[in-house]
Amino acid sequence: MSAILLAVCAHLAALLIAPPLLLGIIAKTKAAFGGRKGPPVLQLYHDLFKLMGKGAVYSRTTTWMFRLGPVLSLSAVLLAGLLVPLVRASPFSFTGDAILFAYLLGLSRFVTAAAALDAGSSFEGMGASREVAFASFAEPALILAVAALARAKGGFTLSVMFSGGIWSSFGAGLVLIVGSLFLVLLAENSRIPVDDPATHLELTMIHEVMVLDHSGPDLAFILYGSSVKLLLWSSLLVRLILPVAPGAGGWVIWGLGVAAVAVIVGVVESSMARLRLLRVPQLLVAAVCAAAFAVMLTLK
Amino acid sequence: MTMSFLILAVAFLAAGALFSFPLSSFPRLSRWVCLACLTGGCVTGLSVALFVLAGGELSVFRMAWAVPLGEIILAVDPLSAFFLVPIFVVGLAAGVYGEGYLEASRGHLWPAYVRFFYFLLTAAMVAAVCARNAVLFLAAWEVMALAAFFLVCATDPQPGVSRAGLIYIVCMHAGILCLFVLFAVMGARAGSMDFTAMKAAMPGPGRTLTALFALALAGFGVKAGFMPVHFWLPEAHPVAPSHASAVLSAVVIKMGIYGLLRFLSFCPSVPESWGLVFLAIGASSGILGVLFALAQHDLKRLLAYHSIENIGIIALGMGLGCLGLARGNPALATIGFAAALLHVLNHSLFKTLLFLGAGSFDQALGSRDVEGAGGLLRRMPWASLFSWMGAAAICGLPPFNGFVSEWLVYSGLLGGALGGARSAMLSAAALALIGALAAACFTKAYGALTLGEPRGTAARDAKDPGELMLWPMALLALACLVVGIYPRPFVMSAARGAATIGRFPPEAALSAIADVLRPLALIGALGASALGLAGLLWLWREGLLKMREVAAAPTWGCGFTSPTARMQYTASSYAAPLARAFEGVLRPEVRFEAPSGYWPARASFHSHTPDLTLDRALLPASARIEKVLAVVRRVQHGRLQYYLLYAFGFLVAVLLWKL
């Protein structure tokens, strides 16, 4: 009993505390590539703390929908975090939890888009429109990857599907799935080449422009929520690639792996520009195709 | 509980229909009589359905009928009972709303006429679902089609109504022709029009069975709105009075699904190819339905296309069920058919809710166009709140009911029982695409309608409808949440219905479904906790902000200082990235007058997406046929002398031939 309790506590602690670190690592990587010193790795913790202590400005156009967006979005992402295996199998996993994971992230996107539209600004509408459009391409890629993994692993829970160790039997398929899911990770977390979180022009943003009007604790919830989402996707990728076993060794491998994903995201961001918006669907369709090929490899 | 309760329910509905015209000169009295008959009928009928779904058995009601080959045989098995639930729930909710709606649209609608056909439609659906004699079934089917036709045409002099009514009635009769042939062949084989005899005389696998399946698919598929015979829905649903649109979209099209499931329950063996046919229909109806919905500006037309999408999801479940039957896997068959049935119920709940909401918006704005609205969440808080709940439910988002049935479909497709069949994996990807596109479509439509600033005076002055219209919406929204959070009894009832289709004992179905009950309980719990956690975060934020300064300001205009409501993002621009990506399928017609010169004075943009079957294929084809046949028309000019001459010529020709 106490072992389970400990596992739950460790899961919750990693889920709640680690996420902002990842964005710090990405920023540090980008700074290193740019020859700058960059903000400290723990910068986002300071930012969050500061934002939680601030007041807020609400647009006169907005209603409760605008206030609902950040809280329900964060809550959905955190609950999705209960399903994702970190070092051990998730304590709440069940058959078919992959679908709930995808749809909880969908709920988070839905309320964020609704909150963005509530401000009544063209820019936020534009961001919401792009976000839901790109998600429409990312979602089939995720489900196809899940289908291929469910077939290859013979189980339909995230903890079983994402548990590494099939390089020898399903190597080619795994390469395709990892590639596909990495593209989905970049799209879902609004990173280059899909979206540029550091851009200064509202017209070219996707996610950042959706949350333009949020301030104070709302903004903190949103920033924190997106860092949690990045951790969840990174954890899935790490578990797919590396053998993560329960125990202290597992924690080390997992931690290094997740940090490595953040570094790779940083490298990608430093080495290429954002794609033209019309090209983004093509990139995501490539992710869908890669996952579809992985599905084909499972059919003997 | 006996069958007399069901008869009583039908009698209540019949009484409602009978009283509607004689009482029409006493508006208050006729309204109360109508509400009483509706409540009495629906509550009684619902109790019968719930009794059967809880495991109760009812005897068969038999009565002689003067019609040749006909006999009044009514029975309620779990499959019928499962379809009775949406008929009575939606019948009651939309009927009560309808009273408020008729009151609010006085002068446009003739209350007695709408009430009469509404009661008739509901009673005919009850009869169709419970009928166990083919003549009775076809009679009820025809009454249902005609009553719905008169409801579609209720606002007749308005533009587009008669065209919609005509398209609807032609489609229905094309479908019913197939059904006549289907039941005639089955009846001739059985030597009786009794369903039990037909079931016993069903042919084994072979050409006859395939032909019968094709007839059933065509006849019932038109009613259900499968692609590509879906095109009457987006015509008929927008023009009907909104509560009638709700019934049309939420239950009438499900009668097609009922017919197909009843037909499947007759078949002693189901070939695997039928399952693949349903999966293909499901994926294409689902994706095309939601894509065309995305391109619409008319809210009710958009919702009609979403009905096609949801019928696609139901067809995916049916495909799984057929695959399960074909492979002799009762667990898969149960999950597939239960998913289909549960989605029938779920769709009827949230689609009714959305259509009732659309009716309120339509009445408040005087238009169904979403582009001219905006800011209704402030002005019509309750109607908007309930509509948003319906929108989240139809997108399949937890914690609402749509997710439960979609999850069941996914778990059947990917759960391993199919051994990773290619068709199943592709269907799962299609379902994912459908879900994501639906979310895009509903944030578009309801964002443009209810969020931001009002774009016109009608939207600025809009007000919530009366209580009679709000309460049904509130209860439906609550029902969506309840099914999403506590799905267990609903899934178990659906499993009982699935057992009837697959002809295995209910215990087998219940044990097959036992595996998914634990995940579903967790899904419900996690969905509820998502709401709970959001509530806690909300309170935390309120607590934090209480100590700080909270300011109100205009929306950040990115440096532009005098924004107007018309500068907001429109629904069309919101959908543009997806519309462009799927341009090859949608092929929108765009009229664009670009601004030109240094001081542009005029600019306009108009887009319209014609329907794939009706506008792109059928109407051009029929126009071409008409052109060819114009030659023949020369002999028909309405002058009696010539017609007599034709008759004479014909007689002479016959005479010459006989010589």
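# Briefing: a two-chain predicted model

Arg115(B) and Glu99(B) meet in a salt bridge, with their closest N and O atoms 2.9 Å apart. The pair ties together distant parts of the chain, since Arg115(B) belongs to helix 4 of chain B and Glu99(B) to helix 3 (residues 78–104) of chain B, 16 residues apart. Keep in mind that this is a predicted model. Below are notes on that pair, the other salt bridges, the contact of the two chains, the strands and the backbone oddities.

**The Arg115(B) pair**

- Buried or exposed: which is Arg115(B)? Arg115(B) counts as buried because its relative accessible area is 8%, under the 20% cut-off.
- Glu99(B) is buried too, because its relative accessibility comes out at 3%.
- Helix 4 of chain B, home of Arg115(B), covers residues 111–130.
- Setting aside neighbours within four places in sequence, Arg115(B) also has Ser20(B), Ser30(B), Arg31(B), Cys34(B) and Leu102(B) among its contacts.

**Other salt bridges**

- How many salt bridges turn up over all chains? A search of the whole structure gives 18.
- One of them joins Asp194(B) and Arg62(B), at 3.9 Å from N to O. This pair also links distant parts of the chain, 132 residues apart: Asp194(B) sits in the loop between helix 6 (161–190) and helix 7 (195–200) of chain B, and Arg62(B) in strand 1 of chain B.
- The two ends of that pair have their own burial classes: Asp194(B) is buried at 13% relative accessibility, whereas Arg62(B) is partly exposed at 47%.
- Asp615(B) and Arg163(B) form another salt bridge, with 4.0 Å between the closest N and O atoms. Here the partners are 452 residues apart, with Asp615(B) in helix 24 (residues 614–633) of chain B and Arg163(B) in helix 6 of chain B.
- Asp615(B) is partly exposed, with a relative accessible area of 25%, and Arg163(B) is partly exposed as well, at 38%.
- Which residues does the network join? Salt bridges with shared partners bring Arg163(B), Glu235(B), Arg301(B) and Asp615(B) into one network.

**Where chain A meets chain B**

- Each chain puts 74 residues into the contact: 74 from chain A and 74 from chain B.
- About 6300 Å² is buried between chain A and chain B, and 74% of that is on carbon and sulfur atoms.
- The count of salt bridges between the two chains is one. It pairs Arg541(B) with Asp218(A), whose closest N and O atoms are 2.5 Å apart.
- Polar contacts across the interface come to 22 residue pairs, both residues at pLDDT 80 or more.
- On the chain A side, the elements that each supply at least two residues include strand 1 (56–59), helix 5 (97–118) and helix 10 (217–241). Helix 6 of chain A gives the largest share, 20 residues.
- By class, that side of chain A breaks down into 46 nonpolar, 18 polar and ten charged residues.
- Leu544(B), in helix 21 (residues 506–546) of chain B, touches Met52(A) and Pro217(A), not counting residues up to four places away in sequence. Leu544(B) is buried, with 15% relative accessible area.

**Strands**

- Strand 1 of chain A runs parallel to strand 3 (residues 550–553) of chain B, and four bridges join them. Ser59(A) is opposite Ala553(B) there.
- Within chain B, strand 1 (residues 61–64) and strand 2 (residues 71–74) pair antiparallel over four bridges. Met63(B) has Ile72(B) as its bridge partner.
- Those two chain B strands make a hairpin with six residues between them.

**Backbone oddities**

- Most residues other than glycine have a negative phi, and most peptide bonds are trans.
- Leu69(B), in the turn of the hairpin, has a positive phi of about 65° although it is not a glycine. Leu69(B) is exposed, at 64% relative accessibility.
- Arg587(B) has a positive phi of about 45° and is not a glycine either. Arg587(B) lies in the loop between helix 23 (583–586) and strand 4 (589–593) of chain B, and is partly exposed at 42%.
- A cis peptide bond connects Ile192(A) to Pro193(A), with omega about 10°. Pro193(A) is in the loop between helix 8 (167–188) and helix 9 (207–210) of chain A.
- In chain B, the bond from Met227(B) to Pro228(B) is cis, with omega near 0°. Pro228(B) falls in the loop between helix 8 (207–224) and helix 9 (233–239) of chain B.

Key: Residues numbered from 1 in each chain as written. Chains lettered and ligands numbered in written order. Predicted model: local features only at pLDDT ≥ 70, side-chain atom pairs only at ≥ 80, totals over all residues. Heavy atoms only, no water. Contact = heavy atoms within 4.5 Å. Buried area = accessible area lost by both parts, 1.4 Å probe. Salt bridge = Lys/Arg side-chain N within 4 Å of Asp/Glu carboxyl O. Polar contact = N/O pair within 3.5 Å; in protein donor to acceptor, adjacent residues only side chain to side chain. Nonpolar A, V, L, I, M, F, W, Y, C, P; charged D, E, K, R; others polar. Pairing = 2+ DSSP bridges. Buried < 20%, exposed > 50% of the residue type's maximum accessible area, 1.4 Å probe, protein only.
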